[in-house]
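Trainee: I am new to this structure, and I would like a close look at one part of it. Please take me through the packing in the first chain, starting with its helices.

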Amino acid sequence: MRLLHEENVRDIALGAAVLGTGGGGDPYIGMLMACAAVRQYGPVTLYTLDELADDDLIIPSAGMGAPTVAVEKLPNGDDYVSAFQALERYLGRSARATMSIEAGGLNSVVPIYVAARLRLPMVDCDGMGRAFPEIQMVTHTLYGISATPFTLADVHGNVVLMETINNRWTETFARTIAVDMGAEAATAMYPATAGQLKEAAISGTITLAETIGQTIRQARSTEENPVDTVRNAAGGFLIFNGKITDVQRRTTGGFARGDARLEGIDDYRGQTLTLHFQNEHLAARVDGVYKVTTPDLIAVLDIDTGEPITTEALRYGCRVAVIGIPCSGKWRTDEGLALAGPRYFGYDVDYTPVEEVYE
Amino acid sequence: MRIIDEKNVEDLALGAAVLGTGGGGDPYVGMLMAKQAIRDYGPIELYDLDEFDDDDLVVPTAMMGAPTVMIEKLPNGDDFVHAFEAVSKYIGKPVKATMTIEAGGLNSVVPIYVAARLRLPMVDCDGMGRAFPEIQMVTHTIYGISATPFAMADANGNTVLMETINNRWTETFARSVTIDMGAMASIALYAATVGQLKEAAIRGIVTKAEAIGKTIRLARVQEEDPVKTVREAVGGLLIFKGKIGDVERRTEGGFARGTAHILGIDDYAGQEARLHFQNEHLAFQVNGEYAVTTPDLIALLDVDTGEPVTTEGMRYGFRVAVIGIPCSEKWRTPKGLELVGPRYFGYDVDYVPVEERYG
């Protein structure tokens with residue numbers, strides 16, 4: 001057990017942007033909300049799963065929708081509380097703690113806000129170890145944990161609750177309702193016991209995000225190579241150093257899809273890396289050959305500062321390092337790859353763990 | 001209290017097609033389901049509101065979506081039970097009866113199916129006295145009764161339950177989810193006590209629909225003027241007789257909109273009329289002047305049989321009688337007209353009760 005203060009929240013948000021692999025939503029607004037809540041209600045207690053009893057109920061709390069909207073249309077906070085409490089009411093049970101369902105991006109810090117406001121602890125785990133765009137893409141799904149009962153709430157005071165036959169249906173209905181709610185909704189979902197989560201969740205991801213964030217922050221003020229320090233903190237491999245020469249973007253099927261082209265610099269001169277993204281960076285090809293694909297993490301870092309660059313921020317001329325980070329072993333199973341592997345996203349390639357390519 | 005058996009259901013469905021004013025969905029499939037349920041589970045009991053205690057709880061059941069879909073994609077019946085039980089479970093109190101929210105069209109018979117399967121009584125009232133296309137368009141809304149808790153279920157086994165801040169929001173979310181569910185959903189909504197319904201509902205409407213249906217059935221075998229017989233049974237006024245010329249149809253904003261041109265025959269020879277519809281017949285113009293508008297009912301009857309003609313059923317060459325039927329007084333209040341008057345549907349005219357023009 002340890003306490004999360006404002007500075008921890010800032011580091012978590014910074015590190016979560018690396019785990020967001022270019023997507024997951026800018027944690028900035030969520031970080032401000034979480035910091036304000038911690039100032040007002042006191043620090044949040046972070047537990048490891050082992051510190052909880054097996055039958056303790058954990059309810060993750062998250063935002064859903066278009067991250068581009070979240071930046072302009074702020075949540076009022078009551079919506080998160082109302083989604084969370086609606087789920088508790090429906091279950092007829094109080095949650096022992098909340099958690100992040102997605103440690104990459106915005107949803108790393110949303111549960112800190114909820115935990116502070118409801119004076120609940122938070123658990124150091126998540127369901128992705130990164131960011132993914134759809135609700136069913138969590139390790140919970142691999143272990144048969146239902147996304148439902150699932151609640152959505154909006155800033156107006158509307159609440160929708162659903163029970164679906166599988167987590168793919170939850171995604172379908174919830175996406176539609178989130179659009180009606182203004183392309184942004186507060187949600188509570190995947191209620192599970194600590195016993196279930198010991199098997200199904202990815203442990204320690206909040207601490208991992210914080211460590212990465214702390215490393216980036218310190219790299220700013222030291223003379224070390226920031227990309228190396230961040231890469232080490234995240235346990236990643238350097239894939240490429242290059243300059244962005246072209247970015248194509250298209251919004252199709254509710255996703256921000258696109259490709260970025262990088263011309264190699266330094267040791268990579270003469271080579272070309274193509275980065276494919278659908279909200280998150282999902283595949284990287286060097287000279288036409290797939291080198292890293294989802295579910296492994298592909299992070300793009302500013303070569304001078306080590307700070308992560310999101311897909312929206314990819315611009316001509318940026319000099320970046322591309323690093324590959326091994327995903328959780330849970331994603332490397334047949335079920336995991338069926339849910340979030342390259343073929344699910346339409347890339348015609350089998351998954352090869354990044355460390356097999358680069359070690 | 002009286003018993004509703006298979007014969008009553010047939011009459012009810014036929015009369016409901018008149019009250020459907022061209023829309024409300026073809027009651028045919030619903031009628032077959034209701035008759036089957038009565039065969040399997042026995043006849044149902046229809047009560048007047050006065051026969052219950054004021055604090056008895058009533059939950060209406062209905063179908064939502066595109067009636068055109070329902071003819072091809074049958075409900076499995078369990079979906080109605082799921083929606084009904086989701087609302088009763090959420091409220092946590094025993095439900096004494098179900099009712100129809102919309103006595104015009106398909107939803108006249110849906111609650112009979114539910115009542116038979118769940119061995120519940122049904123109360124003789126509705127929230128429209130006709131058919132309307134949106135969820136908030138019920139007399140319950142005028143009296144401040146919330147559409148929520150609102151539950152919807154599909155044939156796959158999914159359930160969505162919502163609490164919204166007003167009935168317009170219910171319509172927004174429910175319409176979107178209905179599309180995801182396959183353009184058709186089973187719903188339970190507008191839970192209210194008998195005391196509330198005594199004030200808010202339109203009473204005796206099931207019996208009225210049945211009486212209309214019986215009249216049409218008998219008119220088939222008798223030699224009388226069937227239109228006159230039906231018109232008298234519904235308390236309607238003859239507006240026009242003519243031959244259908246051109247029918248323009250377009251599907252806009254989820255509605256089947258259009259205009260039918262009708263050329264006068266008999267006493268109306270030389271006159272020209274236009275019937276405007278949006279799922280239901282909503283406005284009727286004779287020689288360019290509005291003659292009848294929503295919320296009064298506009299029914300088209302086949303001049304030879306007295307049977308109602310739906311908007312989909314209108315074809316070049318049909319000879320029809322157009323009758324106007326006064327709506328419930330509840331719709332004639334400022335609140336009622338704001339909700340379903342001609343201006344809500346985009347017709348630039350003030351409402352004038354049909355009997356003031358034709359009485």
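Mentor: We will go from helix pairs to the core, then to some single residues, and end with the chain contact and the backbone.

First, some ground rules. The model is predicted, and local features are described where pLDDT is at least 70, side-chain atom pairs count only at pLDDT 80 or more, and totals for chains, interfaces and linings use all residues. Residues are numbered from 1 along each chain as its sequence is written, while chains are lettered from A and ligands numbered from 1 in the order in which they are written.

Two packed helices are described by the angle between their axes and the distance between the axes. Take helix α2 of chain A, residues 28-41, and helix α5 of chain A, residues 110-118: their axes are 8 Å apart, at an angle of about 20 degrees. That makes α2(A) roughly parallel to α5(A). Helices here are DSSP runs of H or I with at least four residues, strands are runs of E with at least two, and both are numbered from the N terminus. Axes are lines fitted to C-alpha atoms, for helices over the stretch in contact, and angles between N-to-C directions run from 0 to 180 degrees. Angles under 35 degrees count as roughly parallel, over 145 as roughly antiparallel, 65 to 115 as roughly perpendicular and the rest as oblique. The crossing of α2(A) and α5(A) is left-handed (the near helix is turned anticlockwise from the far one by less than a right angle; clockwise would be right-handed).

On the α2(A) side, the contact uses Gly30(A), Met33(A), Ala34(A), Ala37(A), Val38(A) and Tyr41(A), and they meet Val110(A), Ile112(A), Tyr113(A), Ala116(A) and Arg117(A) in α5(A). Contact means that the C-beta atoms of two residues, placed from the backbone, lie within 7 Å. The residues of this contact divide into nine nonpolar, one polar and one charged (Ala, Val, Leu, Ile, Met, Phe, Trp, Tyr, Cys and Pro count as nonpolar, Asp, Glu, Lys and Arg as charged, and the others, Gly among them, as polar).

A second pair in chain A is α1 (residues 6-19) and α9 (residues 205-221), with axes 6 Å apart and an angle of about 95 degrees. That makes α1(A) roughly perpendicular to α9(A). Among the residues of this contact are Ile12(A) and Ala16(A) from α1(A) and Ala209(A) and Gly213(A) from α9(A).

Now to the core. Ala34(A), which you met in α2(A), is one of the residues with the most contacts inside the largest nonpolar core, a set of 242 residues that also includes Val322(A). A nonpolar core is a set of buried Ala, Val, Leu, Ile, Met, Phe, Trp, Tyr and Cys residues joined through C-beta atoms within 7 Å. Buried means 20 or more other C-beta atoms within 10 Å of a residue's own, exposed means 12 or fewer, and partly exposed is in between, with C-beta atoms placed from the backbone. Not counting neighbours within four places in sequence, Val322(A) is in contact with Ile239(A), Phe240(A), Leu273(A), Leu275(A), Ala284(A), Ile298(A) and Val300(A).

Ser61(A) brings us back to α5(A): leaving out residues up to four places away in sequence, Ser61(A) touches Val110(A), Pro111(A) and Val114(A), among others. Ser61(A) is in strand β3 of chain A, residues 57-65, and counts as buried because it has 29 C-beta neighbours inside 10 Å. Tyr47(A), in strand β2 (residues 44-47) of chain A, also counts as buried, with 20 C-beta neighbours inside 10 Å.

Where the chains meet, chain A and chain B each give 16 residues to the contact. On the chain A side, β8 (159-163) and α7 (167-180) give two or more residues, and α7(A) gives the most, with six.

Last, the backbone. Most residues other than glycine have a negative phi, and most peptide bonds are trans. The bond from Thr294(A) to Pro295(A) is cis, with omega near 10 degrees, and Pro295(A) is in the loop between β16 (289-293) and β17 (297-302) of chain A. Asp266(A) has a positive phi, near 55 degrees. This residue is in the loop between β13 (255-264) and β14 (272-278) of chain A, and Asp266(A) counts as exposed, with 11 C-beta neighbours inside 10 Å.
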